[in-house]
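Me: I would like a close look at a single part of this model. Please place it among the elements around it, and give the criteria behind the terms used.

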Amino acid sequence: MVNQKGGVGKTTTAINLSAALAIAGHRCLLVDMDPQCNATTALDCSPTNGHALIGETQLTETIVETSTPSLSIVPGSRTFHDVDKLATAGDTETAQVRRHLDSVIEQYDFILIDCPPSVGALTQAALTASTEVLMPIQCEYFAMEGLTQLIQTIKKVIVATDGRLTFGGILLTMYEPHLELTHEVDEEVRDFFGDIVFDSVVPRDVSLCESPSHGQTVFQYAPRSRGAFAYTQLCMEVLQRD
């Protein structure tokens, strides 16, 4: 889950898409690589003193089960040393991130990584270890701002990994259908990116904002909400594309 801007629904998508996939019967692992550790705390887990992707500890020893069956998480770390080491990752650290994730890949149907809101080395390390990238885009005036840099970064990783990484999709978030601006952004994004944009959209829904403060996914907090329905639809679309 990547976007160079904050507040676009990236972590919300990482949490609730992974939960939806787990509810659908798939073994799912969420990896929190954002030093803010919002995905970790939103699933009622605690940040660690050292990030599992740095160091020699086996990743399986750091994975935590969540209250959603079949959904596990690799908690994030706010430790400055680990954050700095990940953020300044060279080839060795990048390869280590990929090696750690590859070591558990057979145990899960899906592994989702929540990246920080940047296009720095931390995000690049996550991209290098991934096979698909999903970009949430908020329905606002500056939705397309900065995406050129992000796309160029993704393209470089695609070349560097011999095509291991592909575009998984673009998701429109904070969608307000009664606003003309929303439809303008929708049209602009779909005209620019084409079929890569998901048909599913995520509405602006207070349940999505409130559920993390309760340490719950939207499916636990408000299973009949518009947000829960939206991420169910997105999950179905992801599975169809897969």
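Which strands does helix α10 (residues 226-241) lie across, and at about what angle does the helix run to one of them?

Reply: The model is predicted, so local features are reported only at pLDDT of at least 70 and side-chain atom pairs only at pLDDT 80 or more, whereas totals for chains, interfaces and linings use all residues. Residues are numbered from 1 along each chain as its sequence is written, and side-chain values use heavy atoms, with hydrogens and water left out.

Helix α10 lies across β6 and β7 and runs at about 165° to β7. Helices (H or I, at least four residues) and strands (E, at least two) are DSSP runs numbered from the N terminus. Angles run from 0 to 180 degrees between N-to-C directions, along lines fitted to C-alpha atoms, for helices over the stretch in contact. Contact itself means heavy atoms within 4.5 Å.

The sheet beneath this helix is open and has three strands in the order β5-β6-β7, with parallel pairing; two strands pair if DSSP finds at least two bridges between them. Its edges are β5 (132-138) and β7 (197-203), each of which pairs on one side only. From one strand to the next, the twist averages 25°. Between β5 and β6 (residues 166-175) there are seven bridges, and P136 has L171 in β6 as its bridge partner. Helix α6 (residues 147-160) also packs on the sheet, touching β5 and β6, and its direction makes about 175° with that of β5.

α10 also meets helix α1 (residues 10-23): the two axes come within 9 Å and cross at roughly 70°. α1 is therefore roughly perpendicular to α10, where angles of 65 to 115 degrees are roughly perpendicular, under 35 roughly parallel, over 145 roughly antiparallel and the rest oblique. On the α1 side, T12, T13, N16, L17, A20 and L21 make the contact, and α10 contributes Y231, L234, C235, V238 and L239.

Helix α6 has a helical neighbour of its own. α5 (residues 121-128) packs against α6 at an angle of about 45°, with the axes 10 Å apart, which makes α5 oblique to α6. Here Q124, L127 and T128 of α5 meet T153, I154 and V157 of α6. Six of the eight residues of α5 are buried (under 20% relative accessible area, against over 50% for exposed and partly exposed in between, with a 1.4 Å probe and protein chains only). α5 is therefore largely enclosed by the rest of the structure. The buried residues are L122, T123, A125, A126, L127 and T128.

A further set of strands is centred in this account on β3 (residues 71-74). β1 (residues 28-32) pairs with β3 in the parallel sense over four bridges, and L29 has S72 as its bridge partner. β2 (residues 64-65) runs antiparallel to β3 and is joined to it by two bridges; S72 is also the partner of E65. β2 and β3 form a hairpin with five residues between them, and S70 in the turn has a positive phi of about 75°. In β3, L71 and I73 point one way and S72 and V74 the other, and all are buried.
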